[in-house]
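Got your viewer open and a hand on the mouse? Let's walk through this one together, one selection after another.

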Amino acid sequence: MYTDISKYGKMLWEAGLIHLTSGNISVRKGSVIYVTRTGSLLGDISSSDIISVNLENNRRDKGASSETPVHRALYLANPEISSVVHAHPPYATALSWDYTTIQPIDSDSIIIPEIPVLTDCPYGEGATCVVESFPKLFLTHPVALIRGHGAFSVGKDVRQATARISMVENECRLLFFRKLLEK
Ligand SMILES: [Zn+2]
């Protein structure tokens, strides 16, 4: 658990998908969610930066990422999800102001053809409206954006959830450059 979160947290940082203190990662095992500590540096995680919280309620959430309610809502809505990753990928987030649905144009669009954008939630980590809106979106999409904030992805493990964020950011980077070249 620690090894995976540490490995992919470092990759998120090195790939420029988060800033120093942004982003969070969780893994679900049975009725427990293992989630990164609030304010932890994902690029340099130690084992004490991983907090175990309850799947069913927030009684042990103290110290856990402020986005824990979003992670929990996604797990509760779909038992097949075993990992949730949140990052602040710059190209995807830049596009999020101008789109309600991003449709990538590159070869990876076969894998992720559509990225929905939650447009009407105010800034703030763990926002109630994200908790309410995301579970439905993630029934049909593995990654979604919050306008002006960042991306959430889900997967069967941390590797898959992280890879999806990375793919979406690359799709958005290519779309961004195509838009520039079209001008
Ligand atoms: Zn965030």
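This tour goes from the whole chain to the sheet, then to the helices and the core.

**Stop 1: the whole chain**

Keep in mind that you are looking at a predicted model. Show everything as a cartoon and colour it by secondary structure: you should find 5 helices and 8 strands. If you trace the chain along the sequence, the elements come in the pattern α-β-β-β-α-β-α-β-β-α-β-β-α. The chain is as compact as a globular protein of its length, because its radius of gyration is 15 Å and the globule rule gives 16 Å for 183 residues. Along the principal axes, the C-alpha atoms fill a box of roughly 50 × 30 × 30 Å.

Now for what is inside: 41% of the 183 residues count as buried. Take the contacts between residues at least 6 apart in sequence, and 65% of them join residues at least 24 apart.

**Stop 2: the sheet**

Hide the helices and select the strands. In what order do the 8 strands sit in the sheet? They go β3-β2-β1-β4-β8-β7-β6-β5, in an open sheet with mixed pairing. At the edges are β3 (50-54) and β5 (101-102), each of which pairs on one side only.

As a reminder, the strands of a sheet pair through backbone hydrogen bonds, either parallel or antiparallel.

Start from the β3 edge and step across:

- β2 and β3 run antiparallel and are joined by 5 bridges. Click on Ile33 and look for its bridge partner in β3, Val53.
- β1 and β2 are antiparallel too, with 4 bridges between them. Here Ser26 stands opposite Val35 in β2. These two strands form a hairpin with 2 residues between them, and Gly30 in that hairpin has a positive phi near 60°.
- β4 and β8 are joined by 5 bridges and run antiparallel.
- β7 and β8 run antiparallel with 4 bridges, and Val143 has Ser153 in β8 as its bridge partner. Their hairpin leaves 3 residues between the strands, and there Gly148 takes a positive phi near 70°.
- At the other edge, β5 is joined to β6 (residues 115-118) by 2 bridges, again antiparallel. Thr101 is the residue standing opposite Pro116 in β6.

**Stop 3: Phe152**

Select Phe152, which lies in strand β8. Is Phe152 buried or exposed? It is buried, because 28 C-beta neighbours lie inside 10 Å and the cut-off for buried is 20 or more. The rest of the strand fits that picture: 6 of the 6 residues in β8 are buried.

Next, light up what surrounds Phe152. Leaving out neighbours within four places in sequence, its contacts are Val70, Val84, His86, Phe134 and Ala144. His86 also stands opposite Phe152 across the strand pair. Then draw a distance from Phe152 to Ala87, C-alpha to C-alpha: these two are 65 residues apart in sequence but 6.6 Å apart in space.

**Stop 4: the helices on the sheet**

Bring the helices back and select α2 (residues 68-77). Which strands does α2 lie across? They are β1 (24-29), β2 (32-36), β3, β4 (83-87) and β8 (150-155), and the helix runs at about 145° to β2. Helix α5 packs on the sheet as well, touching β1, β4, β5, β6, β7 (143-146) and β8. The direction of α5 makes about 140° with that of β8.

Now add α1 (residues 2-14) and view it together with α5. Their axes come within 10 Å and cross at roughly 10°. The two helices are therefore roughly parallel to each other. To see where they meet, show side chains for Asp4, Ile5, Tyr8, Met11 and Leu12 of α1, along with Val158, Arg159 and Thr162 of α5.

**Stop 5: the core**

Finish in the largest nonpolar core, which has 45 residues. Which members touch the most others? Select Leu74, Ala151, Ile165 and Val168 to see them. Helix α5 (residues 158-182) gives the most to this core, with 7 residues.

Zoom in on Val168 as your last click. Not counting residues up to four places away in sequence, Val168 touches Pro89, Ala92, Ile112, Ile115, Val143 and Ala151. You have already met Val143, back at the pairing with Ser153 in β8.

Technical notes: Residues numbered from 1 in each chain as written. Predicted model: local features only at pLDDT ≥ 70, side-chain atom pairs only at ≥ 80, totals over all residues. Rg over C-alpha atoms; globule rule 2.2 N^0.38 Å. Buried ≥ 20, exposed ≤ 12 C-beta atoms within 10 Å, placed from the backbone. Contact = placed C-beta atoms within 7 Å. Core = buried A, V, L, I, M, F, W, Y, C linked by C-beta atoms within 7 Å. Pairing = 2+ DSSP bridges. Axes fitted to C-alpha atoms, helices over the stretch in contact; angles between N-to-C directions. Parallel < 35°, antiparallel > 145°, perpendicular 65-115°, else oblique.
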